Every structure is written in C-alpha cells, then in structure tokens.
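Here are some notes for a colleague who is opening this entry for the first time. Please keep the sequence and the 3D view at hand while reading the numbered points.

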Amino acid sequence: MRVPIATALVLAAVGVVSGCGHREAEAPSALPPSGAAYRALTDGQRLGVAASCRDRAAARADGVAAEQIGRADPRALRDQLDLAFTIIRNQRRPVAKVCEETLPFVTPGLSLRFEGAKDSGDAFTFETNSYEPLTIRGAASPARAGTVTVRREHGSTKTYRGRIGKDGRLVLPTLRLRKAASNTFIVSGDAPPSAPRRAYFSAICLDCLAGGPPPSSAQ
C-alpha cells in the first residue's frame, strides 16, 4: 500500500520533531578494539558503543537478568566507559572486556546498600580511621540468597568472598585499611535470577586528612 505524499510529509515532519527532542542517537555500533580507539569517537558514537555492549550482554543472559540488563541506561554506561578509559593503562584493553566489567554498575534490578555508609551518587562512602579494621555489612534487595565479593579498585587483585543470606543480609571478611585518605573497593553482588550488581565503597580515613584548611597569611 502506498502512502499519500501529503501523509508521508506529515510523518516525516513528526519524525524530525521527535528526533530533535533527543540530543544523541542510541544506534548500536561496532565495539572498538581498544580504549584508545574508543576515546577517538564522538559522544554519539561512544553512546552507540555503550548500547551495543548492553545489547550483547542482554542477548547472552536469560530471563530476568536479560530484561534487567536490557534496561541499563546507555548514557550511564558511556559515562562509566569514559571514566575507565581516562586511565592510561586501560586504553590498551579491549572495549568489550572493560564494558563487561562496568555494565553491572549501571544495571537495574539487584540493589546494594551498606550499614553506616552514605550513598554519594557514584560511590558509597564510610567514615572511619585507618587503624580500625573494616567489616563491610549491608543488604541486597530483593532479598534472596547469593554471593558477594570485594576487592580493591587499585593496587591488588585479591578478592574476598562472603554470602548473601535468604533475608538479603550480607557481610564480608574484615579488611585492613591502608593509611590513605580513601580506600576504595569494588563490591559485587550476585543473587540470581537478578543480573549481577556492582558498587564502589570508599572508606574515608579521618586520621589521614589534614583536618581543615591551612591558616591564611597575615594581612
């Protein structure tokens, strides 16, 4: 059936107007071979890479996990990739691998929270002292049994493991902190059928901070 020319023009105009409401397209595109190649792309092209990464991961998953991964915001994922590839050593890594590691930070579904920690938007922050051993406690929701792991974001690949109880409560092995202003960890929760979830947990060591601004010079 052919569409009348006048109708076609109206539909085209509507498409143009609706398209103007979105600054960027989410058309999937091929994954670049490295972070260096990724950084050479435009904002819209990097958004397409993020959409492709999300869609490929959703296709490999099943059921609830696939649906949750498919709802991940490609803009949030692009932000994670942009941040990851600001680190020079990451720029040699394949985009597919880095995307696999960062996607759980933005996948909806399973959520994590931690006792005594403040959700600062891009990480949970917990105030303590470097000489006090850290035990991360919290909960995952929806509540179901699973596993939880924690490792340092930088400097060590050692992973510590714990369990998520049927009530959703979680506890991780006690960790020793470095005498640094911030000790940042990556906490990963896995409680099927939900998709895996990750979060940053930063222990802010108050004894390592200056304690206030330096005194101003005499007037």
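1. Overall content. The chain contains 6 helices and 9 strands. The model is a predicted one. Of the 219 residues in the chain, 37% are buried. The exposed surface amounts to about 12900 Å², and carbon and sulfur atoms supply 56% of that area. Among contacts between residues at least 6 apart in sequence, 64% join residues at least 24 apart.

2. The sheet. In what order do the 9 strands of the open sheet lie? The order is β1-β4-β7-β6-β5-β8-β9-β3-β2, with mixed pairing. β1 (111-114) and β2 (118-119) are the edge strands, each pairing on one side only. The next points follow part of this order, starting from β1.

3. Strand β1. In a regular strand the side chains alternate between the two faces of the sheet. Along β1, Leu112 and Phe114 point to one face and are buried, whereas Ser111 and Arg113 point to the other face and are not buried. The pairing of β1 with β4 is antiparallel and comprises 4 bridges. Within it, arginine 113 stands opposite alanine 139 of β4.

4. From β4 to β7. Strands β4 and β7 also pair in the antiparallel sense, here over 3 bridges. Arginine 137 has valine 171 in β7 as its bridge partner.

5. The hairpin of β6 and β7. Strand β7 (residues 169-171) runs antiparallel to β6, and 2 bridges join them. Isoleucine 164 stands opposite leucine 170 in β7. The hairpin has 4 residues between its strands, and glycine 168 takes a positive phi near 90 degrees there. For background, most residues other than glycine have a negative phi.

6. Strands β5 and β6. β5 (residues 146-152) and β6 (residues 160-164) pair in the antiparallel sense over 5 bridges. Threonine 147 faces arginine 163 of β6 in this pairing, the two standing opposite each other.

7. Two cis peptide bonds. Most peptide bonds are trans. The bond from serine 141 to proline 142 is cis, with omega near 0 degrees. Proline 142 is in the loop between β4 (137-141) and β5. Another cis bond joins proline 192 and proline 193, with omega about 10 degrees. Proline 193 belongs to the loop between β8 (182-190) and β9 (197-205). A reader checking the backbone may wish to look at both places.

8. Asparagine 183. This residue is in strand β8. Is asparagine 183 buried or exposed? Its relative accessible area is 2%, under the 20% limit, so asparagine 183 counts as buried. Its side chain makes a polar contact with the side chain of arginine 152 at 3.0 Å. The side chain of asparagine 183 also reaches the backbone nitrogen of arginine 178, at 2.8 Å. Leaving aside neighbours within four places in sequence, asparagine 183 is in contact with Arg152, Leu177, Arg178, Phe201, Ser202, Ala203 and Cys205.

9. Proline 94. Away from the strands, proline 94 lies in the loop between α5 (74-84) and α6 (95-102). Why is proline 94 called partly exposed? Its relative accessible area is 44%, and partly exposed covers the range between 20% and 50%, so the term applies to proline 94. Where neighbours within four places in sequence are left aside, proline 94 is in contact with Pro33 and Ser34. The C-alpha atoms of proline 94 and glycine 35 are 6.5 Å apart, although 59 residues separate the two along the chain.

10. Helix α6. Which residues of α6 are buried? They are Val95, Val98, Cys99 and Thr102. These residues cover an arc of only 100 degrees around the axis, and they therefore lie on the same side of α6. The buried residues of α6 pack against α2 (35-39), α3 (43-60) and α5.

11. Places to revisit. For a second look, the cis bond between serine 141 and proline 142, the positive phi of glycine 168 and the side-chain contact of asparagine 183 with arginine 152 can each be located directly in the view.

Conventions
Residues numbered from 1 in each chain as written. Predicted model: local features only at pLDDT ≥ 70, side-chain atom pairs only at ≥ 80, totals over all residues. Heavy atoms only, no water. Pairing = 2+ DSSP bridges. Buried < 20%, exposed > 50% of the residue type's maximum accessible area, 1.4 Å probe, protein only. Contact = heavy atoms within 4.5 Å. Arc of directions from axis to C-beta. Areas by Shrake-Rupley, 256 points an atom, 1.4 Å probe, with all protein chains shown as cover. Polar contact = N/O pair within 3.5 Å; in protein donor to acceptor, adjacent residues only side chain to side chain.
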